[in-house]
Amino acid sequence: LTTPTCTNENVEVRVWITNTTLLSLKLPRLLSLSLSLMEEGEGSESESNSDWADLTHECLINILSRLTFEDRWRGPMFVCKSWLYTCRDPSLLSVLNIDSYFEAAPESSRWWSPDFERKIDAMLMSVVNWGSQSVSEIRVRHCSDRALALVAQRCPKLQVLSIKSSPNVTDAGMANIASGCRMLRELDISYCYEISHESIALIGRSCPNIQILRRNLMNWLDPSQHVGIVPNEYLNACPQDGDSEASAVGKFMPHLEHLELRFSKLSARGLTLISEGCPNLEYLDLSGCANLTSRDIVNASSSLKHLKKIKKPNFYIPRSVFHTERYGHWRLYDERFQTDVFRI
C-alpha cells in the first residue's frame with residue numbers, strides 16, 4: 001500500500017493489494033470472512049505501522065466508495081480497525097449484491113447445505129446491522145427467514161429484494177417483509193418453493209410500488225440438470241398452484257411492468273387473469289410454461305397495449321415427458337410448443 005494524496009476536491013489512490021490473492025477468494029472464503037466479522041466484530045490486524053490508519057473518515061469513505069462491495073469485503077476490511085469501521089459506514093452499504101458470484105460459478109450441492117445458508121445469513125445480517133435504513137437493494141441467494149426478519153426490522157427503505165433459491169424462506173418470512181419493507185418495487189422469489197400465492201397477494205397489498213416480479217421455477221420438464229445438486233425432496237416440492245399465483249398477481253399487482261414466470265404451471269385462465277389485472281406489462285417471460293398454447297398466449301396478450309417483449313414456451317418436449325397419445329397429433333404439438341419440427 002502506498003500513502004494516498006487526499007484533498008477536498010480529489011482523492012488519488014494507488015493501491016497495490018495483491019490482486020491475485022483477492023481474486024482467488026471465491027464465494028466460500030468470502031462467506032467465511034463475513035461469518036468471522038459477525039462473530040468477532042473486530043479487524044484482524046493491528047493499527048501499528050500503518051499510515052493508512054491516520055486517514056480521516058471522510059477521506060477513507062471517498063477512497064472505499066470507489067471499490068465494489070465484493071472488493072471492500074474481501075480486502076480493506078482486514079487492513080486495520082479504522083478501515084473496518086469505515087467499511088461499515090451506512091453510506092457504503094446501500095447495496096448488497098452477490099449474485100455475480102453465483103452466476104459465475106457452476107451450481108454446487110454445497111449451496112443447499114445448512115452451513116452455507118448460515119454463512120449467507122451472517123453476511124446479510126452484518127450488512128443490515130451496519131447499513132440499517134440506508135440499505136435499498138439486496139440480491140442474495142440461499143438465505144432464510146431468520147435473516148429476512150432482521151431485514152424487515154431494519155430496512156424500511158428497501159426497494160429491491162432478490163432471494164432466489166432460498167428453500168428456508170417461507171410465507172412467514174415474506175409476511176415480515178410485507179410489513180416492514182413497503183417501498184419494494186422489485187421482488188425475485190424464483191426457486192423459493194416454500195413461498196405460496198398467499199405471500200404474493202400479501203406483498204401486492206402491502207407494497208403498491210411493485211413493478212418487477214420474478215417467480216421462476218426450476219425446469220420440471222427436464223430436472224436432470226438439477227439432480228445431484230438440488231435435494232430431491234425439494235425438486236419434488238415444485239409449486240403446483242400456478243393459477244392461484246397468477247390470480248394473486250393479477251388482483252394485487254396492478255402496476256406490474258416486468259413479470260417472469262418461467263416453468264410455471266399456470267393455465268390459460270391464469271394468464272388471462274394476469275392480462276386483465278396488469279395492463280401496464282411491458283415484459284412477460286413464459287418460457288417453459290407447458291400448459292399454455294400459442295393461441296392462449298395470443299388471446300391473453302392482445303389486451304396488453306404496452307407489451308414490448310414476450311418470451312413464449314419455445315422448447316422441445318421429450319417423449320419421456322409428454323407421450324404422443326396425450327395429444328394425439330403432431331400438429332397439436334407444433335401449436336402447443338411453437339415448434340416447426342417436433343423432436344423425439
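Start with the sheet. In this predicted model, select strands E3 to E10: they form an open sheet of 8 strands in the order E3-E4-E5-E6-E7-E8-E9-E10, and the pairing is parallel. Colour the two ends next. Strand E3 (95-97) and strand E10 (309-311) are the edge strands; each has a single partner strand, so one side of each has no neighbour in the sheet. Looking across the sheet, neighbouring strands are turned against each other by 5 degrees on average, direction ignored.

Now zoom in on one pair. Select residues 258-260, which are strand E8, and residues 283-285, which are strand E9; the two run parallel and are joined by 3 bridges. Which residue of E9 is the bridge partner of Glu260? Click on Asp285 to see that partner.

Move on to the largest pocket, which holds about 520 Å³ of space. Its lining has 27 residues, and to find the centre, select Glu103, Arg141, Lys164, Ser165 and Tyr191, the residues closest to it. Then show the elements that each give two or more residues to this lining: helix H6 (99-104), strand E4 (137-141), strand E5 (160-164) and strand E6 (186-188). Strands E4, E5 and E6 also belong to the sheet from the opening stop. Helix H6 gives the largest share of the lining, 3 residues. Coloured by residue type, the lining of this pocket shows 11 charged, 8 polar and 8 nonpolar residues.

Last stop: Asp296. Select residues 294-301 to show helix H14, where Asp296 lies. A polar atom of the Asp296 side chain lies 3.0 Å from the backbone nitrogen of Thr293. Leaving aside neighbours within four places in sequence, display Ala268, Leu271 and Asn291 as well, since Asp296 is in contact with these residues.

Note on methods
Residues numbered from 1 in each chain as written. Predicted model: local features only at pLDDT ≥ 70, side-chain atom pairs only at ≥ 80, totals over all residues. Heavy atoms only, no water. 1 Å grid on protein atoms, 1.4 Å probe; cavity = no way out; pocket = protein on both sides within 12 Å on 5 of 7 lines; lining within 4 Å. Points joined across faces, edges and corners; volume = space filled by probe spheres on them. Helix = DSSP H or I, 4+ residues; strand = E, 2+ residues; numbered from the N terminus. Nonpolar A, V, L, I, M, F, W, Y, C, P; charged D, E, K, R; others polar. Polar contact = N/O pair within 3.5 Å; in protein donor to acceptor, adjacent residues only side chain to side chain. Contact = heavy atoms within 4.5 Å. Pairing = 2+ DSSP bridges. Axes fitted to C-alpha atoms, helices over the stretch in contact; angles between N-to-C directions.
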